[in-house]
Amino acid sequence: MTEVKFYENIEEDLLKFAVIISKTQNKYVFCKHRDRDTWEVPGGHREHGENIIDTAKRELYEETGALEFDIEPICVYSVTAPDDFGDRESFGMLFFANIKRFETELHSEIEKIAIMDGLPRRWTYPNIQPYLMNEAKKRGYLSKEGTI
């Protein structure tokens, strides 16, 4: 069973992922990977030697084409899943971004983005991403509508 936990902080070198809950003009921004038919929150793996905020900015640009945005950390999260990471707790940083301007085309594995009023029905990571959205809502980053 997948378990998601939340923390206020952790040692920076333990952070392996950055996930960025994103909005533009008060609507959610989700990504669709070329090889899947589901929607996901922008994010990805931290590169060697990269600061976690730089990971978040890079992933946000690569996956949404965001050129101009405000971004801030929400909290640390962890995932423990029997199928991933050898059932060990893996840590990431959850961010919130308000995107002001996008590039006209994407240059990554992401096929397209969608700007939605609410949340998608088909999540790429249904045992993780809805929990991240709920935590962001609890912490005041998302409004009550669109609650999971």
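Which residue's side chain does the side chain of Glu68 join in a polar contact of 3.2 Å? The partner is Arg101. The structure is a predicted model, and this report covers Glu68, then Ser78, then strand E2.

## Glu68 and Arg101

Glu68 is a residue of strand E5. Arg101 lies 33 residues away from Glu68 along the chain, yet the C-alpha atoms of these two residues are separated by 5.0 Å. Their side chains are joined by the polar contact of 3.2 Å.

Beyond four places in sequence, the residues in contact with Glu68 are Asn98, Ile99, Lys100 and Arg101. The relative accessibility of Glu68 is 38%. Glu68 therefore counts as partly exposed, since that class runs between 20% and 50%.

## Ser78 and Glu89

Strand E5, which spans residues 66–80, also holds Ser78. Is Ser78 buried or exposed? Ser78 has a relative accessible area of 0%, so it falls under the 20% cut-off and is buried.

The side chain of Ser78 makes a polar contact of 2.7 Å with the side chain of Glu89. Glu89 also appears among the residues in contact with Ser78 when neighbours within four places in sequence are set aside. The others on that list are Glu3, Val4, Lys5, Tyr7, Ser90 and Phe91.

## Strand E2 and its partners

Strand E2 takes in residues 15–24. How many of its 10 residues are buried? The count is 9, and the strand is mostly covered.

E2 pairs with strand E6, residues 90–102, in the parallel sense over 8 bridges. Within this pairing, Lys23 is placed opposite Asn98 of E6. Asn98 is also one of the residues in contact with Glu68, which belongs to E5.

## Antiparallel pairings of E2

E2 runs antiparallel to strand E4, residues 43–45, and 3 bridges join the two. Ala18 has Gly44 in E4 as its bridge partner.

Strand E3, residues 27–33, is likewise antiparallel to E2 and is joined to it by 3 bridges. Here Thr24 stands opposite Lys27 of E3. E2 and E3 form a hairpin, with 2 residues between the strands. One residue of the turn, Gln25, has a positive phi of about 45 degrees.

Definitions and conventions. Residues are numbered from 1 along each chain as its sequence is written. This is a predicted model: local features need pLDDT of at least 70, side-chain atom pairs count only at pLDDT 80 or more; totals for chains, interfaces and linings use all residues. Side-chain values use heavy atoms; hydrogens and water are left out. Helices (H or I, at least four residues) and strands (E, at least two) are DSSP runs, numbered from the N terminus. Buried means under 20% relative accessible area, exposed over 50%, partly exposed in between (1.4 Å probe, protein chains only). A polar contact is a pair of N or O atoms within 3.5 Å; within protein, one must be able to donate a hydrogen and the other to accept it, and residues adjacent in sequence count only if both atoms are side-chain atoms. Contact means heavy atoms within 4.5 Å. Two strands pair if DSSP finds at least two bridges between them.
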